[in-house]
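Subject: Handing over a structure

Dear colleague,

I am passing a structure on to you, together with some notes on what came out of going through it. Please have it open beside this message as you read.

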Amino acid sequence: MRQEDRDTLLSFEAAVAEIPQVVQAQRLFGDPDYLLRVLTADLTAYQRLEDDHLATLPGIQRLTSTLVMKQVVDSRPVLGPAHRTPYRS
């Protein structure tokens with residue numbers, strides 16, 4: 001984020017919430033400030049999303065993109081401490 005004042009952060013978060021391709025958005029400690037998971041049909045659609053929407057969000061200083069190559073573990077349920085078993089090899 002270029003600016004991290006309350007109004008800029010709230011405006012950014014409200015704008016992100018309005019973008020249907022954003023399937024998850026998280027504010028982080030440290031750098032980067034936010035992690036957005038987006039879903040598009042293809043790279044061309046992603047490029048349009050970044051150019052037309054993500055790059056214009058309030059307070060944006062820099063965008064860094066990472067593409068998923070392969071799902072290794074997908075949507076594993078999170079278990080509480082009582083349900084955990086020790087790791088065994």
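The notes below begin with the chain as a whole and then turn to individual residues.

Please keep in mind throughout that this is a predicted model, and that the values given here were computed from it.

The protein chain contains two helices and two strands, and, read from the N terminus on, its elements follow the order α-β-β-α. The chain is more spread out than a compact globule, because its radius of gyration is 17 Å, whereas the globule rule gives 12 Å for 89 residues. Along its principal axes, the C-alpha trace spans about 50 × 35 × 20 Å.

As for the surface, 18% of the 89 residues in the protein chain count as buried, and the accessible surface comes to about 7,700 Å², with 52% of this area belonging to carbon and sulfur atoms. The chain carries 10 positive and 12 negative charges, and the mean positions of these two groups lie 13 Å apart. Among the contacts with a separation of 6 or more, 38% are between residues that are 24 or more positions apart.

A good place to look in detail is the aromatic residues, since the structure holds one aromatic pair. This pair is formed by phenylalanine 12 and tyrosine 34, whose ring centres are 4.5 Å apart and whose planes stand at 45 degrees, so the pair counts as tilted. Because phenylalanine 12 lies in helix H1 (residues 6–17) and tyrosine 34 lies in strand S2 (residues 34–38), the pair ties together parts that are 22 residues apart in sequence. Both partners can also be placed with respect to the surface: phenylalanine 12 counts as buried at 4% relative accessibility, and tyrosine 34 is buried as well, with a relative accessible area of 13%.

Phenylalanine 12 leads on to isoleucine 60, which is found in the segment after helix H2 (43–52). These two residues are 48 residues apart in sequence, and yet the distance from C-alpha to C-alpha is 8.3 Å. Isoleucine 60 counts as buried, because its relative accessibility of 13% falls under the 20% cut-off. Residues up to four places away in sequence aside, isoleucine 60 touches Arg2, Phe12, Leu54 and Ala55.

Two further residues of helix H1 are worth following on the screen, namely threonine 8 and alanine 15. Threonine 8 is buried, with a relative accessible area of 10%, and, if its neighbours within four places in sequence are left aside, it is in contact with Met1, Gln3, Pro58 and Gly59. Alanine 15, by contrast, is partly exposed, with a relative accessible area of 24%. When its neighbours within four places in sequence are set aside, alanine 15 is in contact with Leu57 and Pro58, and the C-alpha atoms of alanine 15 and leucine 57 are separated by 6.7 Å although the two residues are 42 residues apart along the chain.

Pro58 therefore appears in two of these contact lists, that of threonine 8 and that of alanine 15, while Phe12 appears in the list of isoleucine 60 and is also a partner in the aromatic pair.

With best wishes

Key:
Residues are numbered from 1 along each chain as its sequence is written. This is a predicted model: local features need pLDDT of at least 70, side-chain atom pairs count only at pLDDT 80 or more; totals for chains, interfaces and linings use all residues. Side-chain values use heavy atoms; hydrogens and water are left out. Helices (H or I, at least four residues) and strands (E, at least two) are DSSP runs, numbered from the N terminus. The radius of gyration is taken over C-alpha atoms; the globule rule is 2.2 Å times the number of residues to the power 0.38. Buried means under 20% relative accessible area, exposed over 50%, partly exposed in between (1.4 Å probe, protein chains only). Contact means heavy atoms within 4.5 Å. Accessible areas come from the Shrake-Rupley method with a 1.4 Å probe; for residues, only the protein chains shown count as cover. Lys and Arg count as positive and Asp and Glu as negative; His and the chain ends are not counted. The place of a charge is taken as NZ of Lys, CZ of Arg, CG of Asp or CD of Glu. Rings of Phe, Tyr and Trp (its six-membered ring) pair if their centres lie within 6.5 Å; planes under 30 degrees apart count as stacked, over 60 as edge-to-face and the rest as tilted.
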